[in-house]
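Let's take a walk through this model together, one stop at a time. Have the viewer open and follow along.

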Amino acid sequence: MNASAFFFVANRFWWAIMLIVCLALTALSARQISTNNIKGDALQNLDISLNLYHHKSFARSNGKKIHLTNFREPFPTLVTSTYFALSGKDSSYLTISNLRTGDPAKFVKLHNLGWVFLGLIASWLLLNEVTKTRLGGGFAAAACYLLFFNNIYIVNSLYTELATGVLLLWVSWLMVRATQTLRLSYFLISGIVMGLLCLTKSAFLYVAPMIILTIVFWPKAMINGDQKKRFYERAVRALFMTCGTLIIVAPWVVRNHMLFDTAQITSGRSGWVLYKRALLNQMTEEEFRGGFAVFGPDLYRHLVKDTFLSVEPEDMTSKHGRFRRLYAGPSEFSQEDLRAQTFGEPENAISFYRKTSATFIKLSNKMKKQGLPHPELLADKMMQAEAKDMILSDPMRHLVMGSLMFWRGFWNLSSNIDIPLLNSVKYKTYAINVINAALGVSLIVIFLSNFLKRNAAGLSLTIAPILMMVFYTSVSQNLPRFFAPTIPIMIVSTLMITQCILLKLKAKMRMFKDADSG
(Lines give C-alpha, C1' and ligand atoms only; values in the text may rest on other atoms or scores of the structure.)
Protein backbone atom coordinates (compact mmCIF):
# COMPACT_ATOMS: atom_id res chain seq x y z
CA MET A 1 0.00 0.00 0.00
CA ASN A 2 1.51 3.34 -1.06
CA ALA A 3 1.32 6.51 1.04
CA SER A 4 -1.64 8.02 -0.81
CA ALA A 5 -3.68 4.84 -0.45
CA PHE A 6 -2.82 4.65 3.24
CA PHE A 7 -3.94 8.20 3.88
CA PHE A 8 -7.12 7.61 1.88
CA VAL A 9 -8.05 4.62 4.06
CA ALA A 10 -6.97 6.40 7.25
CA ASN A 11 -9.02 9.46 6.35
CA ARG A 12 -12.07 7.35 5.58
CA PHE A 13 -11.87 5.34 8.80
CA TRP A 14 -10.56 8.12 11.01
CA TRP A 15 -13.20 7.39 13.64
CA ALA A 16 -11.89 3.83 14.10
CA ILE A 17 -8.34 5.13 14.44
CA MET A 18 -9.60 7.67 16.98
CA LEU A 19 -11.25 4.99 19.10
CA ILE A 20 -8.21 2.70 19.02
CA VAL A 21 -5.73 5.48 19.85
CA CYS A 22 -7.91 6.87 22.65
CA LEU A 23 -8.39 3.41 24.15
CA ALA A 24 -4.63 2.85 24.08
CA LEU A 25 -3.94 6.21 25.75
CA THR A 26 -6.61 5.48 28.36
CA ALA A 27 -4.89 2.18 29.16
CA LEU A 28 -1.62 4.07 29.61
CA SER A 29 -3.33 6.52 31.99
CA ALA A 30 -4.30 3.56 34.18
CA ARG A 31 -0.64 3.32 35.24
CA GLN A 32 -1.07 6.53 37.23
CA ILE A 33 -3.86 5.12 39.40
CA SER A 34 -2.40 3.75 42.64
CA THR A 35 -3.35 2.52 46.09
CA ASN A 36 -2.71 5.94 47.65
CA ASN A 37 -5.20 7.04 50.30
CA ILE A 38 -8.30 9.03 49.37
CA LYS A 39 -8.33 12.11 51.59
CA GLY A 40 -9.42 15.71 51.96
CA ASP A 41 -12.20 16.95 49.69
CA ALA A 42 -11.96 13.71 47.69
CA LEU A 43 -12.90 11.73 50.81
CA GLN A 44 -16.02 13.86 51.20
CA ASN A 45 -16.97 13.02 47.61
CA LEU A 46 -16.46 9.32 48.37
CA ASP A 47 -18.60 9.57 51.50
CA ILE A 48 -21.49 11.16 49.60
CA SER A 49 -21.15 8.64 46.74
CA LEU A 50 -21.44 5.76 49.19
CA ASN A 51 -24.50 7.26 50.84
CA LEU A 52 -26.07 7.65 47.40
CA TYR A 53 -25.37 3.98 46.75
CA HIS A 54 -26.48 2.60 50.15
CA HIS A 55 -29.23 5.03 51.16
CA LYS A 56 -30.25 6.71 47.87
CA SER A 57 -29.63 10.04 49.62
CA PHE A 58 -27.21 12.83 48.84
CA ALA A 59 -25.88 12.95 52.38
CA ARG A 60 -22.76 13.06 54.52
CA SER A 61 -21.99 10.66 57.34
CA ASN A 62 -21.88 11.75 60.95
CA GLY A 63 -20.87 8.70 62.93
CA LYS A 64 -23.52 6.07 62.27
CA LYS A 65 -26.01 8.68 61.15
CA ILE A 66 -26.26 10.52 57.84
CA HIS A 67 -27.57 14.01 57.20
CA LEU A 68 -28.68 15.51 53.90
CA THR A 69 -26.26 18.00 52.39
CA ASN A 70 -25.44 20.16 49.41
CA PHE A 71 -21.82 20.58 50.46
CA ARG A 72 -20.47 19.10 47.20
CA GLU A 73 -21.51 19.15 43.56
CA PRO A 74 -23.79 16.20 42.75
CA PHE A 75 -22.87 14.97 39.27
CA PRO A 76 -19.39 13.46 39.91
CA THR A 77 -20.66 11.72 43.04
CA LEU A 78 -23.65 10.37 41.08
CA VAL A 79 -21.25 8.93 38.49
CA THR A 80 -19.13 7.31 41.23
CA SER A 81 -22.25 5.89 42.91
CA THR A 82 -23.41 4.45 39.58
CA TYR A 83 -19.98 2.85 39.18
CA PHE A 84 -20.43 1.17 42.57
CA ALA A 85 -23.85 -0.12 41.53
CA LEU A 86 -22.49 -1.58 38.29
CA SER A 87 -19.33 -3.01 39.84
CA GLY A 88 -21.01 -6.07 41.33
CA LYS A 89 -19.12 -5.59 44.60
CA ASP A 90 -20.75 -6.70 47.84
CA SER A 91 -22.21 -3.95 50.02
CA SER A 92 -19.88 -4.94 52.85
CA TYR A 93 -16.93 -4.12 50.54
CA LEU A 94 -18.35 -0.70 49.67
CA THR A 95 -17.69 1.09 52.95
CA ILE A 96 -15.69 4.24 53.52
CA SER A 97 -13.36 2.56 56.01
CA ASN A 98 -12.49 -0.04 53.36
CA LEU A 99 -12.39 2.10 50.22
CA ARG A 100 -10.29 4.97 51.47
CA THR A 101 -6.95 3.13 51.26
CA GLY A 102 -5.05 0.32 49.55
CA ASP A 103 -6.38 -1.78 46.67
CA PRO A 104 -10.01 -0.81 47.39
CA ALA A 105 -9.03 2.86 46.95
CA LYS A 106 -7.46 1.96 43.61
CA PHE A 107 -10.69 0.19 42.65
CA VAL A 108 -12.63 3.41 43.31
CA LYS A 109 -10.26 5.58 41.30
CA LEU A 110 -10.25 3.21 38.32
CA HIS A 111 -13.64 4.60 37.31
CA ASN A 112 -11.76 7.78 36.34
CA LEU A 113 -10.65 5.94 33.20
CA GLY A 114 -14.14 6.43 31.82
CA TRP A 115 -13.66 10.19 32.15
CA VAL A 116 -10.22 9.89 30.56
CA PHE A 117 -11.54 8.05 27.50
CA LEU A 118 -14.39 10.53 27.00
CA GLY A 119 -11.98 13.43 27.38
CA LEU A 120 -9.54 12.07 24.82
CA ILE A 121 -12.38 11.56 22.32
CA ALA A 122 -13.64 15.10 22.93
CA SER A 123 -10.17 16.63 22.48
CA TRP A 124 -9.79 14.82 19.14
CA LEU A 125 -13.23 15.93 17.92
CA LEU A 126 -12.70 19.50 19.09
CA LEU A 127 -9.43 20.04 17.23
CA ASN A 128 -10.94 18.36 14.17
CA GLU A 129 -13.84 20.81 14.31
CA VAL A 130 -11.82 24.01 14.66
CA THR A 131 -9.08 23.04 12.18
CA LYS A 132 -11.28 21.19 9.67
CA THR A 133 -9.16 18.03 9.80
CA ARG A 134 -9.93 14.44 10.69
CA LEU A 135 -6.65 12.91 11.81
CA GLY A 136 -5.23 16.17 13.22
CA GLY A 137 -7.21 15.58 16.39
CA GLY A 138 -4.73 12.84 17.22
CA PHE A 139 -2.20 15.53 18.13
CA ALA A 140 -4.71 17.03 20.58
CA ALA A 141 -5.43 13.63 22.14
CA ALA A 142 -1.72 12.85 22.48
CA ALA A 143 -0.91 16.24 24.01
CA CYS A 144 -3.91 16.10 26.37
CA TYR A 145 -2.80 12.65 27.47
CA LEU A 146 0.76 13.82 28.10
CA LEU A 147 -0.09 17.01 29.99
CA PHE A 148 -3.46 16.30 31.61
CA PHE A 149 -4.79 12.75 31.51
CA ASN A 150 -1.40 11.30 32.50
CA ASN A 151 -1.13 13.64 35.50
CA ILE A 152 -1.25 11.63 38.72
CA TYR A 153 -2.94 14.49 40.57
CA ILE A 154 -5.75 14.51 38.00
CA VAL A 155 -6.48 10.80 37.44
CA ASN A 156 -5.44 9.40 40.83
CA SER A 157 -8.00 11.35 42.83
CA LEU A 158 -11.70 11.94 43.40
CA TYR A 159 -11.37 15.69 43.01
CA THR A 160 -13.67 17.14 40.36
CA GLU A 161 -10.98 18.67 38.12
CA LEU A 162 -10.92 15.61 35.83
CA ALA A 163 -14.67 15.59 35.25
CA THR A 164 -14.70 19.36 34.80
CA GLY A 165 -11.93 19.25 32.20
CA VAL A 166 -13.77 16.55 30.24
CA LEU A 167 -17.12 18.33 30.34
CA LEU A 168 -15.42 21.59 29.30
CA LEU A 169 -14.12 19.82 26.19
CA TRP A 170 -17.55 18.43 25.33
CA VAL A 171 -19.47 21.63 25.92
CA SER A 172 -16.92 23.56 23.84
CA TRP A 173 -17.20 21.06 20.98
CA LEU A 174 -21.00 21.16 21.11
CA MET A 175 -21.03 24.97 21.13
CA VAL A 176 -18.66 25.08 18.16
CA ARG A 177 -20.96 22.65 16.32
CA ALA A 178 -24.01 24.67 17.33
CA THR A 179 -22.62 27.99 16.09
CA GLN A 180 -21.36 26.40 12.86
CA THR A 181 -24.52 24.48 11.95
CA LEU A 182 -27.06 26.74 13.72
CA ARG A 183 -29.12 23.63 14.51
CA LEU A 184 -31.34 24.08 17.53
CA SER A 185 -30.67 20.49 18.62
CA TYR A 186 -27.00 21.35 19.16
CA PHE A 187 -27.90 24.41 21.21
CA LEU A 188 -30.22 22.28 23.35
CA ILE A 189 -27.61 19.55 23.89
CA SER A 190 -24.97 22.21 24.60
CA GLY A 191 -27.24 23.54 27.33
CA ILE A 192 -27.74 20.07 28.79
CA VAL A 193 -23.98 19.46 29.01
CA MET A 194 -23.59 22.98 30.41
CA GLY A 195 -26.05 21.95 33.13
CA LEU A 196 -23.94 18.89 33.93
CA LEU A 197 -20.93 21.21 34.09
CA CYS A 198 -22.80 23.40 36.61
CA LEU A 199 -23.47 20.31 38.73
CA THR A 200 -19.78 19.41 38.54
CA LYS A 201 -18.28 22.86 39.22
CA SER A 202 -20.81 25.19 40.79
CA ALA A 203 -18.88 28.21 39.46
CA PHE A 204 -20.50 27.60 36.08
CA LEU A 205 -23.94 28.40 37.47
CA TYR A 206 -22.76 32.01 37.61
CA VAL A 207 -20.91 32.14 34.29
CA ALA A 208 -23.33 30.03 32.18
CA PRO A 209 -25.66 32.99 31.40
CA MET A 210 -22.71 35.05 30.13
CA ILE A 211 -21.46 32.11 28.05
CA ILE A 212 -24.87 31.67 26.41
CA LEU A 213 -25.35 35.36 25.69
CA THR A 214 -21.84 35.75 24.28
CA ILE A 215 -21.83 32.84 21.85
CA VAL A 216 -25.36 33.54 20.65
CA PHE A 217 -25.46 37.35 20.35
CA TRP A 218 -21.88 38.55 19.96
CA PRO A 219 -20.67 36.73 16.78
CA LYS A 220 -21.28 38.36 13.43
CA ALA A 221 -24.31 37.20 11.50
CA MET A 222 -23.41 34.58 8.91
CA ILE A 223 -26.24 35.64 6.62
CA ASN A 224 -27.35 39.21 6.04
CA GLY A 225 -31.04 39.80 6.37
CA ASP A 226 -33.76 41.45 8.36
CA GLN A 227 -32.33 42.61 11.70
CA LYS A 228 -35.45 41.76 13.70
CA LYS A 229 -35.58 38.30 12.19
CA ARG A 230 -31.92 37.69 13.03
CA PHE A 231 -32.50 38.82 16.62
CA TYR A 232 -35.51 36.52 16.93
CA GLU A 233 -33.53 33.56 15.60
CA ARG A 234 -30.69 34.24 18.03
CA ALA A 235 -33.12 34.61 20.92
CA VAL A 236 -34.60 31.20 20.07
CA ARG A 237 -31.11 29.64 20.11
CA ALA A 238 -30.38 31.23 23.48
CA LEU A 239 -33.71 29.98 24.78
CA PHE A 240 -32.98 26.42 23.68
CA MET A 241 -29.56 26.47 25.32
CA THR A 242 -30.96 28.02 28.49
CA CYS A 243 -33.74 25.42 28.63
CA GLY A 244 -31.19 22.64 28.25
CA THR A 245 -29.23 24.02 31.20
CA LEU A 246 -32.32 24.50 33.35
CA ILE A 247 -33.57 20.97 32.66
CA ILE A 248 -30.48 19.68 34.45
CA VAL A 249 -29.87 22.37 37.07
CA ALA A 250 -33.39 23.35 38.18
CA PRO A 251 -34.34 20.13 40.05
CA TRP A 252 -31.18 20.35 42.15
CA VAL A 253 -31.66 24.05 42.91
CA VAL A 254 -35.29 23.43 43.92
CA ARG A 255 -34.19 20.58 46.19
CA ASN A 256 -31.62 22.81 47.89
CA HIS A 257 -34.12 25.63 48.29
CA MET A 258 -36.64 23.30 49.95
CA LEU A 259 -34.09 21.69 52.28
CA PHE A 260 -31.61 24.47 52.99
CA ASP A 261 -33.32 27.69 51.93
CA THR A 262 -30.66 28.42 49.32
CA ALA A 263 -30.68 28.54 45.52
CA GLN A 264 -27.00 27.67 45.30
CA ILE A 265 -25.75 24.38 43.88
CA THR A 266 -23.45 24.00 46.86
CA SER A 267 -23.40 25.86 50.16
CA GLY A 268 -21.36 25.73 53.32
CA ARG A 269 -18.14 26.69 51.51
CA SER A 270 -18.84 29.74 49.35
CA GLY A 271 -18.76 32.15 52.27
CA TRP A 272 -15.48 30.68 53.53
CA VAL A 273 -13.92 30.98 50.07
CA LEU A 274 -15.05 34.58 49.51
CA TYR A 275 -13.98 35.59 53.03
CA LYS A 276 -10.49 34.18 52.42
CA ARG A 277 -10.35 36.13 49.15
CA ALA A 278 -11.41 39.31 50.96
CA LEU A 279 -8.71 38.78 53.62
CA LEU A 280 -6.08 38.41 50.90
CA ASN A 281 -6.92 41.97 49.84
CA GLN A 282 -5.39 43.04 53.16
CA MET A 283 -1.89 42.03 52.10
CA THR A 284 0.82 44.63 52.58
CA GLU A 285 2.64 45.90 49.48
CA GLU A 286 5.63 43.75 50.45
CA GLU A 287 3.41 40.66 50.71
CA PHE A 288 1.83 41.49 47.36
CA ARG A 289 5.20 41.74 45.58
CA GLY A 290 6.53 38.63 47.29
CA GLY A 291 3.32 36.75 46.55
CA PHE A 292 4.37 36.38 42.91
CA ALA A 293 7.33 34.29 44.07
CA VAL A 294 5.38 32.48 46.81
CA PHE A 295 2.63 31.49 44.37
CA GLY A 296 4.72 31.48 41.19
CA PRO A 297 6.67 28.81 39.26
CA ASP A 298 10.22 27.67 39.93
CA LEU A 299 11.47 29.42 36.81
CA TYR A 300 10.21 32.79 38.07
CA ARG A 301 11.78 32.22 41.48
CA HIS A 302 15.07 31.43 39.73
CA LEU A 303 14.87 34.59 37.61
CA VAL A 304 14.19 36.89 40.59
CA LYS A 305 16.68 35.23 42.94
CA ASP A 306 18.77 37.72 44.93
CA THR A 307 16.48 40.60 43.98
CA PHE A 308 13.91 42.49 46.06
CA LEU A 309 11.28 40.12 44.57
CA SER A 310 12.91 36.93 45.85
CA VAL A 311 11.53 34.81 48.68
CA GLU A 312 13.47 32.50 50.98
CA PRO A 313 11.87 29.48 52.76
CA GLU A 314 12.29 31.11 56.18
CA ASP A 315 10.27 34.11 54.96
CA MET A 316 7.25 31.79 55.04
CA THR A 317 8.03 29.30 57.78
CA SER A 318 9.54 31.57 60.44
CA LYS A 319 7.24 32.96 63.12
CA HIS A 320 8.42 36.42 62.16
CA GLY A 321 8.83 35.72 58.43
CA ARG A 322 7.83 38.42 55.97
CA PHE A 323 5.31 36.18 54.19
CA ARG A 324 4.13 33.99 57.05
CA ARG A 325 0.50 35.10 56.53
CA LEU A 326 0.56 33.57 53.03
CA TYR A 327 1.68 30.15 54.23
CA ALA A 328 -0.38 27.48 56.00
CA GLY A 329 2.03 24.53 55.78
CA PRO A 330 4.44 23.15 58.40
CA SER A 331 6.24 26.01 60.10
CA GLU A 332 7.45 27.41 63.43
CA PHE A 333 3.96 28.76 64.05
CA SER A 334 1.79 26.01 62.50
CA GLN A 335 0.82 24.44 65.85
CA GLU A 336 -0.17 27.81 67.26
CA ASP A 337 -2.03 28.59 64.06
CA LEU A 338 -3.89 25.27 64.13
CA ARG A 339 -4.84 25.76 67.77
CA ALA A 340 -6.39 29.15 66.94
CA GLN A 341 -8.41 27.49 64.18
CA THR A 342 -9.54 24.59 66.38
CA PHE A 343 -10.80 26.85 69.15
CA GLY A 344 -12.31 29.46 66.84
CA GLU A 345 -9.92 32.28 67.73
CA PRO A 346 -9.29 34.25 64.53
CA GLU A 347 -7.57 37.04 66.46
CA ASN A 348 -4.80 34.57 67.41
CA ALA A 349 -4.40 33.00 63.96
CA ILE A 350 -1.42 34.02 61.86
CA SER A 351 -2.01 32.74 58.32
CA PHE A 352 -4.92 33.99 56.23
CA TYR A 353 -6.04 30.38 55.78
CA ARG A 354 -6.26 29.58 59.50
CA LYS A 355 -7.81 32.98 60.27
CA THR A 356 -10.63 32.23 57.81
CA SER A 357 -11.25 28.76 59.23
CA ALA A 358 -11.12 30.08 62.81
CA THR A 359 -13.74 32.70 61.93
CA PHE A 360 -16.00 29.99 60.50
CA ILE A 361 -15.66 27.83 63.62
CA LYS A 362 -16.29 30.80 65.91
CA LEU A 363 -19.50 31.73 64.07
CA SER A 364 -20.66 28.09 63.81
CA ASN A 365 -20.24 27.60 67.55
CA LYS A 366 -22.17 30.80 68.19
CA MET A 367 -25.07 29.60 66.00
CA LYS A 368 -25.06 26.20 67.74
CA LYS A 369 -25.27 27.82 71.18
CA GLN A 370 -28.30 29.77 69.99
CA GLY A 371 -29.93 26.51 68.88
CA LEU A 372 -30.39 27.65 65.28
CA PRO A 373 -30.91 25.07 62.51
CA HIS A 374 -28.03 24.46 60.04
CA PRO A 375 -25.48 26.47 62.07
CA GLU A 376 -22.66 25.84 59.56
CA LEU A 377 -24.76 27.17 56.67
CA LEU A 378 -25.71 30.25 58.68
CA ALA A 379 -22.07 30.87 59.58
CA ASP A 380 -21.10 30.55 55.94
CA LYS A 381 -23.79 33.04 54.90
CA MET A 382 -22.59 35.51 57.53
CA MET A 383 -19.02 35.22 56.28
CA GLN A 384 -20.21 35.71 52.72
CA ALA A 385 -22.07 38.90 53.64
CA GLU A 386 -19.08 40.28 55.56
CA ALA A 387 -16.74 39.38 52.71
CA LYS A 388 -18.89 41.27 50.21
CA ASP A 389 -18.81 44.34 52.44
CA MET A 390 -15.02 44.09 52.75
CA ILE A 391 -14.59 43.81 48.97
CA LEU A 392 -17.02 46.61 48.12
CA SER A 393 -15.34 48.92 50.60
CA ASP A 394 -12.25 48.96 48.34
CA PRO A 395 -13.07 47.48 44.90
CA MET A 396 -9.88 48.88 43.32
CA ARG A 397 -7.76 46.94 45.81
CA HIS A 398 -9.73 43.81 44.98
CA LEU A 399 -9.05 44.37 41.28
CA VAL A 400 -5.32 44.89 41.86
CA MET A 401 -5.10 41.76 44.01
CA GLY A 402 -6.82 39.90 41.20
CA SER A 403 -3.55 40.04 39.23
CA LEU A 404 -1.82 37.99 41.94
CA MET A 405 -4.72 35.55 42.21
CA PHE A 406 -4.73 35.06 38.43
CA TRP A 407 -0.97 34.52 38.53
CA ARG A 408 -1.40 31.89 41.22
CA GLY A 409 -3.96 29.91 39.25
CA PHE A 410 -2.18 30.37 35.91
CA TRP A 411 0.71 28.07 36.89
CA ASN A 412 -1.41 24.94 37.03
CA LEU A 413 0.65 22.47 35.01
CA SER A 414 2.04 19.89 37.43
CA SER A 415 5.81 19.51 37.64
CA ASN A 416 5.28 15.75 38.15
CA ILE A 417 4.19 15.00 34.60
CA ASP A 418 6.62 12.99 32.47
CA ILE A 419 8.43 14.89 29.70
CA PRO A 420 10.22 12.57 27.24
CA LEU A 421 14.04 12.91 27.08
CA LEU A 422 14.18 15.21 30.10
CA ASN A 423 15.70 13.43 33.09
CA SER A 424 16.94 16.45 35.04
CA VAL A 425 14.30 17.44 37.61
CA LYS A 426 15.43 21.07 37.53
CA TYR A 427 15.31 21.50 33.76
CA LYS A 428 12.18 19.41 33.42
CA THR A 429 10.46 21.78 35.86
CA TYR A 430 11.66 24.80 33.88
CA ALA A 431 10.47 23.19 30.63
CA ILE A 432 7.05 22.56 32.17
CA ASN A 433 6.89 26.22 33.28
CA VAL A 434 7.64 27.34 29.70
CA ILE A 435 5.02 24.95 28.29
CA ASN A 436 2.52 26.22 30.89
CA ALA A 437 3.18 29.82 29.80
CA ALA A 438 2.79 28.94 26.12
CA LEU A 439 -0.48 27.09 26.70
CA GLY A 440 -2.00 29.83 28.84
CA VAL A 441 -0.99 32.64 26.48
CA SER A 442 -2.38 30.67 23.52
CA LEU A 443 -5.78 30.35 25.17
CA ILE A 444 -5.90 34.08 25.91
CA VAL A 445 -4.72 35.01 22.39
CA ILE A 446 -7.31 32.79 20.70
CA PHE A 447 -10.06 34.21 22.92
CA LEU A 448 -9.14 37.87 22.44
CA SER A 449 -8.60 37.60 18.67
CA ASN A 450 -11.90 35.79 18.14
CA PHE A 451 -13.75 38.11 20.51
CA LEU A 452 -12.53 41.16 18.59
CA LYS A 453 -13.28 39.49 15.24
CA ARG A 454 -16.64 38.32 16.61
CA ASN A 455 -15.89 34.82 15.35
CA ALA A 456 -18.35 32.22 16.61
CA ALA A 457 -16.14 29.10 16.49
CA GLY A 458 -13.18 30.61 18.33
CA LEU A 459 -15.44 32.15 20.96
CA SER A 460 -17.28 28.88 21.50
CA LEU A 461 -13.93 27.14 22.00
CA THR A 462 -12.54 29.56 24.60
CA ILE A 463 -15.38 31.42 26.34
CA ALA A 464 -16.13 28.79 29.00
CA PRO A 465 -12.55 28.31 30.30
CA ILE A 466 -11.84 32.05 30.14
CA LEU A 467 -14.92 32.98 32.18
CA MET A 468 -14.16 30.19 34.65
CA MET A 469 -10.70 31.69 35.13
CA VAL A 470 -12.16 35.17 35.62
CA PHE A 471 -14.65 33.85 38.17
CA TYR A 472 -12.09 32.02 40.30
CA THR A 473 -9.72 34.97 40.12
CA SER A 474 -12.45 37.27 41.41
CA VAL A 475 -13.98 35.26 44.24
CA SER A 476 -11.45 32.70 45.48
CA GLN A 477 -7.91 32.13 46.68
CA ASN A 478 -7.44 30.45 43.28
CA LEU A 479 -5.35 27.39 43.99
CA PRO A 480 -3.55 26.16 40.84
CA ARG A 481 -5.85 23.14 40.57
CA PHE A 482 -8.81 25.49 40.08
CA PHE A 483 -7.47 26.38 36.61
CA ALA A 484 -6.34 22.81 35.83
CA PRO A 485 -9.54 21.86 33.93
CA THR A 486 -8.67 24.49 31.31
CA ILE A 487 -5.47 22.67 30.27
CA PRO A 488 -7.08 20.58 27.47
CA ILE A 489 -8.66 23.70 25.91
CA MET A 490 -5.30 25.47 26.26
CA ILE A 491 -3.72 22.61 24.33
CA VAL A 492 -6.29 22.81 21.53
CA SER A 493 -5.75 26.59 21.34
CA THR A 494 -1.98 26.11 21.09
CA LEU A 495 -2.40 23.56 18.30
CA MET A 496 -4.70 25.97 16.44
CA ILE A 497 -2.02 28.66 16.56
CA THR A 498 0.60 26.10 15.50
CA GLN A 499 -1.51 25.13 12.49
CA CYS A 500 -1.95 28.78 11.48
CA ILE A 501 1.82 29.35 11.65
CA LEU A 502 2.55 26.22 9.62
CA LEU A 503 -0.02 27.12 6.96
CA LYS A 504 1.46 30.60 6.61
CA LEU A 505 4.98 29.19 6.34
CA LYS A 506 3.78 26.69 3.75
CA ALA A 507 2.13 29.48 1.75
CA LYS A 508 5.32 31.58 1.84
CA MET A 509 7.46 28.63 0.76
CA ARG A 510 5.07 27.99 -2.14
CA MET A 511 5.25 31.67 -3.07
CA PHE A 512 9.05 31.63 -3.08
CA LYS A 513 9.04 28.40 -5.09
CA ASP A 514 6.67 29.87 -7.68
CA ALA A 515 8.82 33.01 -7.87
CA ASP A 516 11.95 30.93 -8.49
CA SER A 517 10.25 28.79 -11.14
CA GLY A 518 8.90 31.93 -12.78
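A quick bit of vocabulary before we start: a residue counts as buried when its relative accessible area is under 20%, and as exposed when that value is over 50%. Keep in mind, too, that this is a predicted model.

With that cut-off in hand, go to S81, which sits in helix α4, spanning residues 74-87. Is S81 buried or exposed? Its relative accessible area comes out at 8%, so S81 is buried. As for its company, leaving aside residues up to four places away in sequence, S81 touches S49, L52 and Y53.

Next, have a look at the strands β1 (residues 59-62) and β2 (residues 65-68), which pair in the antiparallel sense over four bridges. To see one of these pairings, pick A59: its bridge partner in β2 is L68. The two strands make a hairpin with two residues between them. In that turn you'll find G63, whose phi is positive, at about 70 degrees.

Now move on to the second largest pocket, which holds about 400 Å³ of space. It is lined by 20 residues, and the ones closest to its centre are I446, N450, N455, M496 and C500. Which helices supply at least two residues each to this lining? They are α7 (112-131), α22 (425-453), α23 (456-475) and α25 (487-517). Sorted by class, the lining has ten nonpolar residues, seven polar ones and three charged ones.

Terms used: Residues numbered from 1 in each chain as written. Predicted model: local features only at pLDDT ≥ 70, side-chain atom pairs only at ≥ 80, totals over all residues. Heavy atoms only, no water. 1 Å grid on protein atoms, 1.4 Å probe; cavity = no way out; pocket = protein on both sides within 12 Å on 5 of 7 lines; lining within 4 Å. Points joined across faces, edges and corners; volume = space filled by probe spheres on them. Nonpolar A, V, L, I, M, F, W, Y, C, P; charged D, E, K, R; others polar. Buried < 20%, exposed > 50% of the residue type's maximum accessible area, 1.4 Å probe, protein only. Contact = heavy atoms within 4.5 Å. Pairing = 2+ DSSP bridges.
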